[in-house]
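The exercises below are meant to be worked through with the sequence and the 3D view side by side. Try each task before reading its solution.

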Amino acid sequence: VDQFFAGAPQNKDPGLFYIGARLTDGKHAQTVVTAIQDALLQARTQPLDIEKLRATQSRLKYSFAAGMDTAAGLGGILARFVHFERDPETLNRLYAQFDAVTPDDIIAVADRIFIDSNRASVSVSNEAELVGANGFRALDAEVAKFKASQPKPPAIALLEQRSASPLVDVSLIFHTGAAFEPAGKKGIAQLTASMLTQGGSAKRSFAELQQAFYPLASGFNAQVDKEMLKLSGTVHRDNLQAWYALVREMLLEPGFREDDLARLKQQQANAIRINLRSNNDEEFGKEALYEFSYGAKHPYGTLNLGKAGDVEKLTLDDVRAFFKSHFNPQRLRVGLAGGYDDGFRKQLLADLAKLPAGKPATLDARPAPLANARFATVIQKETPAVAVSFGWPLSIQRGHPDWLALWLVRSFLGEHRNSGAHLYNQIREKRGMNYGNYAYIEYFPNGMYLTQPSPNFARDNDLFQVWLRPLRDNNDALFATRAALYEIDKLHRNGMSREQFEASRGFLKKQVAILTASQGRRLGYAQDSQWFGTPEFVEYVRKGLDQLDLGDVNDAIRKHFKPDAAQFVFIAKDADGLAKALAAGTPSKISYNTPKPELEAEDTVISTWPLGLKGNTVRVMPAERMFE
């Protein structure tokens, strides 16, 4: 052909979608018709490449704008479009709709228009006959055969919180994580997630992706826990399509390059050895408590970042294999919130259905067994203060009849970063011993940097734990630990008072709104509720608190508090000295710069409170051995 053209009607009344060709020689008629037929078949069965679609949308917009440089041009354009709705804004709405078109939209309209019964063909020739010009085959039958041969796309769990917000939150949660890692490859879940979000795609290097994300003021992030691996991003709806074009190729067309692997392995090993082990005693102690409480054979018994030695040995083949077997639609839950449209939702789900096929996740993550005695590990480290974490396994999760009661008890004892909690008041406010004294019944990472827990760390079970830090020396660490055990023992024996219960309940009914204050946090908590099979979180908490009574709370304390099974982790410079004091039950008398006679009697009791530890239940471990 020497001319080829196509066009769609732009009239208010029905028109024709036309395709035309001028042949250089009549003998090419059948070849040209076959090529057109093949293109129509492809339009009905194959999604348009996203980059080609974006380029076409851009060309439509800017080629149109190029015709608006004269008064006559503007007048002609208005004459063509204003009559539709008597409104110049018709143009803006039209081009906004062009930008929202997805590959699935194109297939849908092609499937409606390019059908055998809707086609008419005309050929013009100087010859009596133009052989092959009307040789169109039955397109509908080919499309039907193609669709019948395609596997049915998997149903992907979707949670939507659409609103008028200018921001859009996208959360992809895969049922995988550190609990699914094989022996010798601890850290592969985090490394694979990092390769997807901090590595290049098949089309672009990571540096090029960073440059593309920069003007969008957004990115693509990963969060890895035991059973939840979340990939997410927040973007302004004006930039949603541009953002998604990058994310789509990162997830569906990952680059898995050797240079990215080397960089990210080094970062992950450094995060274990430097960020955690060397620079963050709070997290160090808490993570060590988890590892010792669960044990190496339990799925929850390894740090989410893995073991530094394992990480250094991981290969691209390991990453590819983990991606192929764990990042599949059967393990995926999608969360969307904010000002997105139906086109984006359909496009996202259609694309995610193209992830490698796989099977739903199965995992035996039963609660860690309770120890038959108290055990303590003192981690030797050059550090100016002593960190203390202790606790025991819990066999409950959200939705359990006792969960809300224990959540209230936790808040009463030590709400994170709350100066009104009981342990904070007894140890810091009255005695001025340290910075923070908090309690937890759910995993709360990065507490050093946060005032509220992050969502999407759902687990089948967890630990009750208390965190005390920083304490000036071994004696202060012993006294603060005894003080916390003393208060827990009183609570275990006597329960909460009516006044304590009502104050804690009133606080939590208000605080739950703060936990879900942002759009992204609301989406995260909604996904957790979907995971646990509970009502929406604010409703679950407030309704449950209204129905909770003091007897329920004190029954839960008696049932689930197991202080005799507590495991302890101390991080100290003089680890040997602290271990000897723990094993011997050495008294820890406290003194104050200003006398506090009102505390003398209680301090005397606390200073000799039994720790319940013996020589064979206390060990010293060098920090360098942890998570290695």
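**Exercise 1.** Over the ring of which residue does the charged end of R459 sit, 5.1 Å from its centre?

*Solution.* Bear in mind throughout that this is a predicted model. Start at the charged end of R459 and look for the ring beneath, which belongs to Y290. Then look for a further ring around R459, and you will find that R459 also lies over the face of Y443, at 3.9 Å from the ring centre.

**Exercise 2.** Work out the order of the strands in the open sheet of five strands, and place the helices that lie across it.

*Solution.* Step one is the order, which reads β3-β7-β4-β6-β5, with mixed pairing. Step two is to find the edges, and these are β3 (157-162) and β5 (221-224), each of which pairs on one side only. From one strand to the next, the twist averages 15°.

Step three takes one pair inside the sheet: strand β4, residues 167-174, and strand β6, residues 229-236, pair in the antiparallel sense over eight bridges, and F174 stands opposite L229 in β6.

Step four adds the helices. Helix α7 (residues 188-197) lies across β5 and β6 and runs at about 170° to β5, while helix α9 (residues 240-252) lies across β4 and β6, running at about 155° to β6.

**Exercise 3.** Classify the ring pair formed by F174 and F327, and then the ring pair formed by Y438 and W467.

*Solution.* A pair of aromatic rings is described by two quantities, the distance of the centres and the angle of the planes. A search of the whole structure finds 29 aromatic pairs, and for F174 and F327 the ring centres are 4.9 Å apart with the planes at 50°. Planes under 30 degrees apart count as stacked and those over 60 as edge-to-face, so the pair of F174 and F327 is tilted.

The next step is to locate the two partners along the chain: F174 belongs to strand β4, whereas F327 is in the loop between α13 (316-326) and β7 (332-338), so that the pair links distant parts of the chain, 153 residues apart. F174 counts as buried, at 0% relative accessibility, and F327 counts as buried at 0% as well.

For Y438 and W467, the ring centres are 5.2 Å apart and the planes stand at 25°, so this pair is stacked. Y438 is in strand β10 (residues 436-440) and W467 in strand β11 (residues 462-471), 29 residues apart. Y438 is buried, with a relative accessible area of 1%, and W467 also counts as buried at 1%.

**Exercise 4.** Decide how far strand β9 (residues 386-394) is enclosed, and describe the sheet around this strand.

*Solution.* Begin with burial, for which the cut-off is under 20% relative accessible area. Nine of the nine residues of β9 are buried, so the strand is largely enclosed by the rest of the structure.

Continue with the sheet, an open one of six strands in the order β10-β11-β9-β12-β8-β13, with mixed pairing. Its edge strands are β10 and β13 (618-622), and neighbouring strands are turned by 15° against each other on average, direction ignored.

Now follow β9 to its partners. With β11 it pairs in the antiparallel sense over eight bridges, where L394 has D462 as its bridge partner and F390 stands opposite V466. Five bridges join β9 to strand β12 (residues 567-572), again antiparallel, and here the bridge partner of F390 is F568.

Finally, α17 lies across β9, β11 and β12, running at about 140° to β11, and helix α16 (residues 422-429) lies across β10 and β11 at about 160° to β10.

**Exercise 5.** Which residues of the largest nonpolar core touch the most other members?

*Solution.* Among the 68 residues of this core, they are L413, F464, M496, F561 and L582. The largest share of the core, 10 residues, comes from helix α17 (residues 474-494). Taking M496 as an example, and leaving out residues up to four places away in sequence, its contacts include L408, F412, F501, L550 and I557. A second, separate core has 43 residues, including I156, V168, Y244 and L264.

Note on methods: Residues are numbered from 1 along each chain as its sequence is written. This is a predicted model: local features need pLDDT of at least 70, side-chain atom pairs count only at pLDDT 80 or more; totals for chains, interfaces and linings use all residues. Side-chain values use heavy atoms; hydrogens and water are left out. Two strands pair if DSSP finds at least two bridges between them. Helices (H or I, at least four residues) and strands (E, at least two) are DSSP runs, numbered from the N terminus. Axes are lines fitted to C-alpha atoms, for helices over the stretch in contact, and angles run from 0 to 180 degrees between N-to-C directions. Contact means heavy atoms within 4.5 Å. A nonpolar core is a set of buried Ala, Val, Leu, Ile, Met, Phe, Trp, Tyr and Cys residues joined through side-chain atoms within 4.5 Å. Buried means under 20% relative accessible area, exposed over 50%, partly exposed in between (1.4 Å probe, protein chains only). Rings of Phe, Tyr and Trp (its six-membered ring) pair if their centres lie within 6.5 Å; planes under 30 degrees apart count as stacked, over 60 as edge-to-face and the rest as tilted. A charge sits over a ring if NZ of Lys or CZ of Arg is within 6 Å of the ring centre and within 35 degrees of the ring normal.
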